[in-house]
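Trainee: Could you walk me through this one, and show me how each label is earned?

Mentor: Sure, let's put it up and go term by term.

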Amino acid sequence: MSAILPTLCYDMPWCPAGIMQQLDIISEEGTINNARHPAAVSMATVAAAYFTGMVASNTIAKMLAASERYKDEPQANWGTPCFSTLSGRHENGQPFTGMLLDKGGGGGARTYKDGLDAGGTYGSPASSIANVETNERIYPILYVYRKFGQDTGGPGKYRGGTGTEVMIVPHRTRDPIDMTVLGYGSTHPDPRGLYGGMPGSVNVQLLLKDADVRQQFLQSHVPRDLEETGFTRAHSTASKELVRIEVGDAILLGASGGGGFGDPLDRDPYSVERDLATRLVSAAAAGGIFGVAFDCEGRVVLSDTEINRDALRRVRVGGKPLSPGMASGVSTE
């Protein structure tokens, strides 16, 4: 239903009952979305349900693409959510529990346009991202930043929308905070691309031990990304895991981006230039995946771009890995 409503019934009120009588849902017993006792199903809402919706929406997109009438309507898969629940005590000893709804997945790319950055959840268009100030008021946490996650959108002629990246530290508490991660898509990218488009990123939950965020605050500096955050060790959580955030730690949460549409080497070079300038795409991806070359001021060099893209196409045909320096994205002129 979460696949059919947005793709085939987007012009109807958000009411599944309006089309349920027109559908026959066939699901083989004993599979992940039709479990047989005594299989565990407690995480079905953040696992099997999303698996099913992803496969169904990708299939419907290909059906639409095969139709002369609806060939402009397909979308690649949207980024998938991965939720986190926090629990612990405020500095006055009062207990708290709350769910973080900060991870906005990127929208799937379309046949004519990039996906929506931080578009949200495909099967729940009315959902909204959490308010930073509200969360800081009711939970003992502090947001270091919340921004678009670089290179999270699936590359393509039209790029998948980027997901969000959030860094949070404990604040106004003397006790550790327990975080329960519940989701999926942390070990492999689930948002599929279409017709040459590449998948979006994985979901990321990083526990950064002994981060120096507080020390940087005392020096009037706010870390802008993971590289600027000093930490002794990083632990990448599983899709389902319980971790403990100590007072000196930080947590980084990254949402997956949407899948891309079409060949990344067909993308308008100036769109890649814009994404590079706004930090939605890294220099490595701009050159190594999109094949775009830039001068020292970050402007597109079309002649070198054609050379880079031809080199990448030859590598594809030959089935050999890139050698160092090929399609680096930096002009030698």
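Trainee: Which residues line the largest cavity?

Mentor: Leu86, Ile141, Ile168, Val169, Pro170, Ile177, Ile245 and Ile251 line the largest cavity. Before we go on, this is a predicted model, where local features need pLDDT of at least 70 and side-chain atom pairs count only at pLDDT 80 or more, while totals for chains, interfaces and linings use all residues. Residues are numbered from 1 along each chain as its sequence is written, and side-chain values use heavy atoms, with hydrogens and water left out.

Trainee: What makes something a cavity, and what makes something a pocket?

Mentor: Both come from a 1 Å grid over the protein atoms alone: in a cavity a 1.4 Å probe fits but cannot get out, whereas a pocket is an open set of points with protein on both sides within 12 Å along at least five of seven lines. Lining residues have an atom within 4 Å of a point. Points are joined across faces, edges and corners, and the volume is the space filled by probe spheres set on them. The search of the whole structure turns up 1 cavity of 30 Å³ or more, and the largest cavity holds about 40 Å³.

Trainee: Which element gives the most to the lining of the largest cavity?

Mentor: That's β4, with 3 residues. Strands here are DSSP runs of E with at least two residues, helices are runs of H or I with at least four, and numbering goes from the N terminus.

Trainee: And the largest pocket, what is its volume?

Mentor: About 590 Å³. It has 20 lining residues, and the closest to its centre are Met1, Ile4, Ile25, Thr52 and Ala56. The elements giving two or more residues to that lining are α1 (4–8) and α3, with α3 supplying the largest share, 9 residues.

Trainee: Why is the pair of Phe51 and Tyr184 called edge-to-face?

Mentor: Rings of Phe, Tyr and Trp (its six-membered ring) pair if their centres lie within 6.5 Å; planes under 30 degrees apart are stacked, over 60 edge-to-face, and the rest tilted. Phe51 and Tyr184 come out at 4.7 Å centre to centre with 85° between the planes, which fits edge-to-face. Phe51 belongs to helix α3 (residues 48–65) and Tyr184 to the loop between β5 (177–183) and β6 (204–209), so the pair ties together parts 133 residues apart in sequence. Together with Tyr50, they form one aromatic cluster.

Trainee: How do you know whether those two rings' residues are buried or exposed?

Mentor: Buried means under 20% relative accessible area, exposed over 50%, and partly exposed in between, using a 1.4 Å probe and protein chains only. Phe51 has 25% relative accessibility, so it is partly exposed. Tyr184 is at 2%, so it is buried.

Trainee: What makes the pair of Trp78 and Tyr122 tilted?

Mentor: Trp78 and Tyr122 are 5.5 Å apart centre to centre, with 45° between the planes, which earns the tilted label. Trp78 is in the loop between α3 and β1 (82–89), and Tyr122 in the loop between β2 (95–100) and α4 (132–138), so this pair ties together parts 44 residues apart in sequence. Both residues are buried.

Trainee: How do you know that the charged end of Lys147 sits over the ring of Tyr145?

Mentor: The test wants NZ of Lys or CZ of Arg within 6 Å of the ring centre and within 35 degrees of the ring normal. The charged end of Lys147 is 4.8 Å from the centre of the Tyr145 ring and is listed as sitting over it.

Trainee: Why does Ser220 count as exposed?

Mentor: Its relative accessible area is 72%, so Ser220 is exposed. Ser220 is in the loop between α5 (213–218) and β7 (233–236), and its phi is near 60°, a positive value in a residue other than glycine.

Trainee: And why is Asp151 called partly exposed?

Mentor: Asp151 has a relative accessible area of 34%, so partly exposed is the right label. Its phi is also positive, near 65°.

Trainee: What is the mean pLDDT of the protein?

Mentor: It's 90, and 96% of the residues reach 70 or more; pLDDT is the predictor's confidence in each residue, from 0 to 100. Over residues 325–333, though, the pLDDT is below 50. Where pLDDT is low, the predicted coordinates should not be read in detail.

Definitions and conventions: Contact means heavy atoms within 4.5 Å.
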